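Work through the following exercises with the model open. Each task is followed by a solution in steps.

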Amino acid sequence: MAPISTTIEFFASGYCEAHANVVNPISGKGKAKFYAVWALIFIPEIGYIMFDTGYSEHFQEVTKSFPARFYRWATPVFLKENESAKSILKAKGISTDEIKYIIISHFHADHIAGLRDFDKATFICTQSSLEEVKKLSGLKAVSKGILHGLLPNNFYERVTTIEQLASSIEIDTFGITHYHLFNNQCFELILVSGHAKGMLGFIFKNDDQHLVFATDAAWSTETFEKEILPRKIVKLFFDSWTDFVVTQSKLRAYKKLNPSCDILFTHCPDTLNFISNEI
C-alpha cells in the first residue's frame, strides 16, 4: 500500500463586490467579484488543517449594527446556501471537530468569517497581526477590516502564533520569510506583508505540483504579472503600501527562478479556474 501523502484542496465560500477599476486602474470596468477562497490541507501525522475560512452566515449577523455595518456597505457580500466552509466540509464527510488547526492569513472578514463554526481547532496567526487585533477597537478596527464579533468567545485561549509554533524560520535569497512547521516538507508558510499586518501565504510543493498561495499580495494575476498596482485609495485600509509593493517584487523574483510554479491569489478569477481544472 502506498504511503498516505500530504494533500491540498481549494474551495470558495461566497464573494464580495468592488469596483474593477480599483483592482486595475488601466482596464478595469464595472464590478469585480472577490471570491473568498480557502484551502484544506491534510497532513498524515497531523490531520486536517484549514488556511482561512471564507465567508459564512456570521458575517451578516455581525454587520447588522454600526460601526461594523460600514463594512457591509463597503463590500456587499453574497453567500449561497450550503456554501460556507462548514457546509462544504459536511458534504465531504468531514466534521468541523476534525479540523486540528486553522491558519489565519490575516484578520479581514472574508478570511475569518467562519471561525466560530470550529470549536476544536487551534488558531495560528502572526504575532504582529494578533497584536493589532488586540489593540484596535470600534471604528478604527473596522477601518482596518477587523470585525471582533467574528472571533469565537474563547479565541484568545485557542490562538497561537506562527513564531511560537514554527520549528524554524528563515529568509530566502528573495527576502521572503519562510516558516517551517509540522515537520512537513510539502507545506510551509510565508510572510506576504503589505495588504494587512503580518499577512501569511503558503508554498505547497511535491513531485507533481509547485504552487504559492499569496492571499491578498495581489488581487489579480494579470495586474501582478504586468506590474499594475491598484488605485491608491486602498491605502486607506492597507497596512503598508511600501511593503505591498516590495512583496510583489519578491514574488516576481521567486516566480522568475521557479517558472513552473503557480502563484495564486485569494480573490483572482484565475484562482477559481485553477481550482476547477487542476486540484
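**Exercise 1.** In this predicted model, determine in which sense β8 and β9 pair and over how many bridges.

Solution. Step 1: locate strand β8 at residues 168–171 and strand β9 at residues 177–180. Step 2: follow the chain direction in both; the pairing is antiparallel, over four bridges. Step 3: fix the register with one pair, S168 and its bridge partner H180 in β9. Step 4: inspect the connection. The two strands form a hairpin with five residues between them, and G175 in this turn has a positive phi of about 90°.

**Exercise 2.** Find the strand joined to β9 by three bridges, and describe the connection.

Solution. Step 1: the strand is β10, residues 187–191, and it runs antiparallel to β9. Step 2: H180 has E188 as its bridge partner in β10. H180 is also the partner of S168. Step 3: β9 and β10 form a hairpin with six residues between them, and F182 in the turn has a positive phi of about 65°.

**Exercise 3.** Assign the side chains of β9 to their two directions, and state whether they are buried or exposed.

Solution. Step 1: side chains of a regular strand alternate between the two faces of the sheet. Step 2: T177 and Y179 point one way, H178 and H180 the other. Step 3: all of these residues are buried, that is, under 20% relative accessible area.

**Exercise 4.** Give the strand order of the open seven-stranded sheet, and explain why β4 and β7 stand at its edges.

Solution. Step 1: the order reads β4-β1-β2-β3-β5-β6-β7, with mixed pairing. Step 2: β4 (77–78) and β7 (159–161) each have a single partner strand, so one side of each lacks a neighbour in the sheet. Step 3: for a parallel pair, take β5 (residues 99–103) and β6 (residues 122–125), which share three bridges; I102 has F123 as its bridge partner in β6.

**Exercise 5.** Which residues of the largest nonpolar core touch the most other members?

Solution. Step 1: among the 47 residues of this core, they are M50, I99, F107 and F155. Step 2: strand β2 (residues 31–43) gives the most to the core, with five residues. Step 3: beyond four places in sequence, the contacts of M50 include W38, L40, L89, I99 and F118. Step 4: a second, separate core of 26 residues includes V37, I103, F182 and L200.

Technical notes:
Residues are numbered from 1 along each chain as its sequence is written. This is a predicted model: local features need pLDDT of at least 70, side-chain atom pairs count only at pLDDT 80 or more; totals for chains, interfaces and linings use all residues. Side-chain values use heavy atoms; hydrogens and water are left out. Buried means under 20% relative accessible area, exposed over 50%, partly exposed in between (1.4 Å probe, protein chains only). Two strands pair if DSSP finds at least two bridges between them. A nonpolar core is a set of buried Ala, Val, Leu, Ile, Met, Phe, Trp, Tyr and Cys residues joined through side-chain atoms within 4.5 Å. Contact means heavy atoms within 4.5 Å.
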